[in-house]
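I opened this notebook to record what I looked up, beginning at the surface and then turning to charged pairs and the interior.

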Amino acid sequence: MPNMRLTKLPAREQAPDVRNKNFNEVSQGYDEAMAVDEAKRCLNCKHKPCVSGCPVNVRIPEFIGLVAEEKFMEAYEVIRSTNALPAVCGRVCPQETQCEEKCVRGIKGEPVAIGRLERFVADYAMAHGAQPAKPLPDNGKKVAIVGSGPAGLTCAGDLRKLGYEVTIFEALHTPGGVLVYGIPEFRLPKQLVRDEIKTLEDIGVKIETNMVIGRSITLDELLNEEGFSAVFVGSGAGLPRFQGIPGENLNGVYSANEFLTRINLMKAYTFPKTDTPVQVGKNAAVVGGGNVAMDAARSAKRLGAEHVYIVYRRGEQEMPARVEEVHHAKEEGIIFKMLTNPTEILGDENGHVRAMTCVEMELGEPDASGRRRPVVKAGSEHTIDVDTVVIAIGNSPNPLIKNTTPGLNTEKWGGIIVDEATGKTSRAHVYAGGDTVTGAATVILAMGAGKTAAAAIHEELSKQ
Amino acid sequence: MYRIVTKRALHETVTLMEIEAPYIAKKAKPGQFIILRVDDSGERVPLTVAGTDPARGTVTIIFQKVGYTTKRLDCLNEGDSLQDFVGPLGVASHLAGMKKVAVIGGGLGVAIAYPQAKALHDMGAEVDVIVGFRNTELMILMDELKAASTNLYVMTDDGSNGHKGFVTSALEEQLKAGKQYDHVIAIGPLVMMRAVVNITKQYDIPTVISMNPIMIDGTGMCGCCRVTVGGEMKFACVDGPDFDGFAVDWDEAIARGRMYRKEEAESLECKACNLKNVELQAKRGGN
């Protein structure tokens, strides 16, 4: 008999007023008994709606069934057969709009906690010495992967398993892309990312750090001189957007990318032991309503800011951030200023931020995104005293590869144009996927794109 | 890892190193830069490429020991390796078509001005090199500059070489005497570049300057190096580091360069003791 409890079993968590002062992981996940208990809520539906909600088609009921039988290592093999980064996905996937949204148990009550179960299985298997999957024998063909974020790692893993010689080129000094520079330690421990990457290296994926494709070596050189038969571009959405309001170049104004990179990749929270500093001050405002904005706000709080504001021009319903992240942020004392839009950042005599002028908004008719368009409320101008402003309103694709690869077609806003079913670009043997194609999206969508491209690359190269 | 092939003190506070980095050596052009990290807890520091030797696969950097990282870097010896060394970054200088050029360098900027002067000289352009130092002791690359210039003018703040004054006074003297330049290239401290631009504006000579702002990734990802040029936001790492000197917002650039003064001092102070130990070890290891 399945467990018919209507609610998900909550995961263990650090208390809000404790965790908002440290960078340790917020959620501590399930233990074995909790995982088995939650797994028994799965009805093992025949039509498996959850699987269709997963961009990499994890065989969800199958792995959950194995968890219920306490066969945790077997459950891991099921997940890993389609998902290269289970410990990552279990933590950062927006399950509520994917697998869990389709869960039949969600019709009456809460869906099965698929994400928490996936995380438990991955952590269990990694702690109990899961052996890497054995790749097929080498087929003598070389594939280059540009970028070691979720798209690149997934594509690399899939192709390596099929016997290709795979080399990932990473511009930064550490592989992982947004998993390392963007998502904070308290949501995704970096040791775990290192472990996931190490399992790929263990099966023979090569990673070259400090290689900026387009500068250190061009895409054409990879294909024509270095002997690669195909290239997958997963270079991410690495160009921060600003609002274009006065004062954005004042000291104390950061793009979310810079703020989070200083903290996550460069470990500014241990400055001066490590060498890269970050400034937070007493009052910090984060502009934007996505997961990145939540990450920046919660990081600012942990670095000692007394007041941290999320300033967002639409309402809470319209925020693109995951419900769980918003909930965690509120618990930690982040102040939400909804329907508020900055119009100017004001500086002091030294060129440092001192305040931000904002207007209040109200929601009008729906716009192209389907969300109600915010319009300015007359006479609502006011200022907030702040020492730090973090702009988290999104990123555009990095133009480096586009600018150095003749014949690679891109959208006006910079995204590489691909055939969605294959990831094929306008250039022969060049594939792309992830944020460099879609603009800033999620880890799992990037992984899905990496997977699609790996299959298409395999199809092309097996014909040769 | 990136091995230090040569290390040479140019004077008490400035050091030259040749680093083994074959990809970069093959690609780097004048005006481009690299980013390095000394060790695993190190910050990412951008340095302009001061020269390359593609045959040996080495890249030359010249740095001044001012902050923690550069002092830490100077503790390394030949045969040691840097943790990270990435490049070439930024857009190469557009030198094609320049015929009569004044290349101006101040202090450490001279190290960066040199490859530009050399490239122009090799192209057959007429190159006047004007460089300035605080005093004779701090002069660097004199033989190299002489070989890469039509005329070389060397100024010192204290007049210890017999030519007292700033690079701007030498430039103004040439212009007043009727010297014609089709371009001026100025590389050095922000205040020096601004002073040069203030003169060349009067003579309407297109002036290229090279920005060296605080950076992290150097690939356009963080936006830390943004600078206002002609009212538009530019990133020095991907749009520069060369910009039209007439269009740069100098006050903003100067303020941004000062953002981490306090933290820079704190970093140095906190690790002073550690640095001493490393220095001692380096000396013992070195000889």
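Entry 1, surface. Working with a predicted model, I looked for nonpolar side chains at the surface and found a patch formed by A:Met1, A:Met4 and A:Leu43, which together have about 380 Å² of accessible area. I placed A:Met4 in the segment before strand S1 (12-13) of chain A, and I noted a relative accessible area of 47% for A:Met4, which is therefore partly exposed.

Entry 2, salt bridges. I found 45 salt bridges over all chains. I looked up A:Glu165 and A:Lys206, whose closest N and O atoms are 2.9 Å apart in a salt bridge; this pair links distant parts of the chain, since A:Glu165 is in strand S4 and A:Lys206 in strand S5, 41 residues apart. I then turned to the salt bridge between A:Asp367 and A:Arg314 (3.2 Å, N to O), where A:Asp367 lies in the loop between strands S13 and S14 of chain A and A:Arg314 in the loop between strand S10 and helix H15, so the pair ties together parts that are 53 residues apart in sequence. I noted that A:Asp367 counts as buried at 17% relative accessibility, and that A:Arg314 counts as buried at 4%.

Entry 3, interior. I looked up the largest nonpolar core, which has 80 residues, and saw that A:Ile60 and A:Phe63 touch the most other members. Helix H18 (residues 443-463) of chain A gives the largest share of this core, nine residues. I also noted a second, separate core of 53 residues, which includes A:Ile245 and B:Ala170.

Technical notes:
Residues are numbered from 1 along each chain as its sequence is written. Chains are lettered from A and ligands numbered from 1 in the order in which they are written. This is a predicted model: local features need pLDDT of at least 70, side-chain atom pairs count only at pLDDT 80 or more; totals for chains, interfaces and linings use all residues. Side-chain values use heavy atoms; hydrogens and water are left out. A nonpolar core is a set of buried Ala, Val, Leu, Ile, Met, Phe, Trp, Tyr and Cys residues joined through side-chain atoms within 4.5 Å. Buried means under 20% relative accessible area, exposed over 50%, partly exposed in between (1.4 Å probe, protein chains only). Helices (H or I, at least four residues) and strands (E, at least two) are DSSP runs, numbered from the N terminus. Patches are made of residues with over 30% relative accessible area and no salt bridge: like charges are joined within 9 Å, nonpolar side chains (Val, Leu, Ile, Met, Phe, Trp, Tyr) within 5 Å. Accessible areas come from the Shrake-Rupley method with a 1.4 Å probe; for residues, only the protein chains shown count as cover. A salt bridge is a side-chain nitrogen of Lys or Arg within 4 Å of a carboxyl oxygen of Asp or Glu.
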